[in-house]
Amino acid sequence: MKTLLIDLNKCTGCYACQVGCKDEHCEQSWMPYAEAQPETGQFWMRVDEQERGKRPHVKVTYVPTPCQHCADAPCMKAAKDGAVYRREDGLVIVDPKKAKGQKAIKEACPYGAVYWNDLLDIPQKCTGCAHLIDEGDTITVPRCYDNCVHGAISWGEESDLDLEGAERLHPEYGTTPRIWYKGLPKRFIAGRVYDPIEKEVVVGATVTATGEAGTFTAQTNWIGDFWLRDMPEGDWEVTIESAGKKKSIKVSTTEEDVGLGDVPLS
Ligand code: SF4
Ligand code: SF4
């Protein structure tokens, strides 16, 4: 089975994958797989921008999010008359004719990957460029992959892709998505340490976060900043130590990343 591997460490958020998708699907229908994608309002290759943390400690990650072609697809379960089906190569297809009027297909997708076409009264989504696959096109398939000049998207047999460390997007949805990701954002704790008496940032302080999920350590850099990266969710005691001075702060990454801002160490 062929699939996509999307490496977020390489993704610059240039949206070229989305442009490639629109170039392929807008103003032209590829029946029996899809009617034309409207020029506005639908993003079969949606690029989600995730901004996390608090200024000045902010991270932005771009997450290209097409249909995940789930192995246990809620859209298939919600469809009547076989209006959503899975091809032998694993691609999940919405049949534009059978799906007419079936809004439940759109509402069933937890990834928000299905869009409603008011004009045609049909649900629409990524087809994996199935029409090109059928033509035997192995070079420009799918168009999002072809358009990504940063090498963030890989396409091929699942067994040929380097999936070490790869994860699925939102496995908690329980749909067994078939698209793989590397570099999915984890939590971070960040801050800037300064000495309020010297009125200077503290360089080389040791910052340690201890919690049930483990221990993470970092040093403050030349502007006093520390970043504890790739952390799991949980409650933490953050200890900052430098030249005999010590400070402890309790924080939680359960809901979101933590930007502590300026932290005095005196
Ligand atoms: S084309 Fe590549 S680098 Fe650009 S947004 Fe899409 S996946 Fe990211
Ligand atoms: S991502 Fe949504 S539309 Fe795609 S297969 Fe899964 S449930 Fe269906």
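Helices (H or I, at least four residues) and strands (E, at least two) are DSSP runs, numbered from the N terminus. With that in hand, Pro 32 can be placed in the loop between helix 1 and strand 2. The structure here is a predicted model, in which local features need pLDDT of at least 70, side-chain atom pairs count only at pLDDT 80 or more, and totals for chains, interfaces and linings use all residues. Residues are numbered from 1 along each chain as its sequence is written, chains are lettered from A and ligands numbered from 1 in the order in which they are written, and side-chain values use heavy atoms, with hydrogens and water left out.

Start with the overall layout. The protein splits into domain 1 (2-182) and domain 2 (187-264), with bounds that come from an automatic or database domain assignment. Between the C-alpha centres of the two domains there are 38 Å. Seven residues of domain 1 touch ten residues of domain 2, where contact means heavy atoms within 4.5 Å. The size of an interface is often given as the accessible area lost when the parts come together. For domain 1 and domain 2 the buried area is about 720 Å², and carbon and sulfur atoms give 62% of it; this is the accessible area (1.4 Å probe) that two parts lose on being put together, summed over both. On the domain 1 side, Arg 52, His 57 and Lys 59 lose the most area to domain 2, together 71% of what that side buries.

Next comes helix 1, which covers residues 16-25 and is mostly covered itself, with eight of its ten residues buried. Buried means under 20% relative accessible area, exposed means over 50%, and partly exposed is in between (1.4 Å probe, protein chains only). The buried set is made up of Ala 16, Cys 17, Gln 18, Gly 20, Cys 21, Lys 22, Glu 24 and His 25. What do these buried residues of helix 1 pack against? Their partners are strand 2 (45-54), helix 4 (130-134), helix 5 (143-147) and strand 8 (153-157).

Now for some backbone oddities. Most residues other than glycine have a negative phi, and most peptide bonds are trans. Glu 27, just after helix 1, takes a positive phi of about 65°. A little further on, Met 31 and Pro 32 are joined by a cis peptide bond, with omega about 10°. Another cis peptide bond links Arg 55 and Pro 56, with omega about 5°, and Pro 56 sits in the loop between strand 2 and strand 3 (57-66). Thr 176 is not a glycine, yet its phi is positive, at about 45°. This threonine belongs to the loop between strand 8 and strand 9 (180-182), and it counts as partly exposed because its relative accessibility is 34%. Asp 230, also not a glycine, has a positive phi of about 50°. Its place is in strand 14 (residues 225-231), and with a relative accessible area of 59%, Asp 230 is exposed.

Two residues with polar side-chain links come next. Is Thr 65, a residue of strand 3, buried or exposed? Thr 65 is buried, because its relative accessible area is 3%. Its side chain makes a polar contact of 3.3 Å with that of Asp 48; such a contact is a pair of N or O atoms within 3.5 Å, and within protein one must be able to donate a hydrogen and the other to accept it, while residues adjacent in sequence count only if both atoms are side-chain atoms. Leaving aside neighbours within four places in sequence, Thr 65 is in contact with Trp 44, Met 45, Arg 46, Asp 48, Leu 169 and Tyr 181.

Arg 87 lies in the loop between strand 4 (84-86) and strand 5 (92-94). At 14% relative accessibility, Arg 87 counts as buried. A polar contact of 3.1 Å ties its side chain to that of Asp 134. Beyond neighbours within four places in sequence, Arg 87 also has contacts with Tyr 33, Ile 93, Ala 130, Ile 133 and Asp 134.

Asp 160, in the loop between strand 8 and strand 9, is exposed at 63% relative accessibility. The C-alpha atoms of Asp 160 and Lys 2 are 9.1 Å apart, although 158 residues separate the two along the chain.
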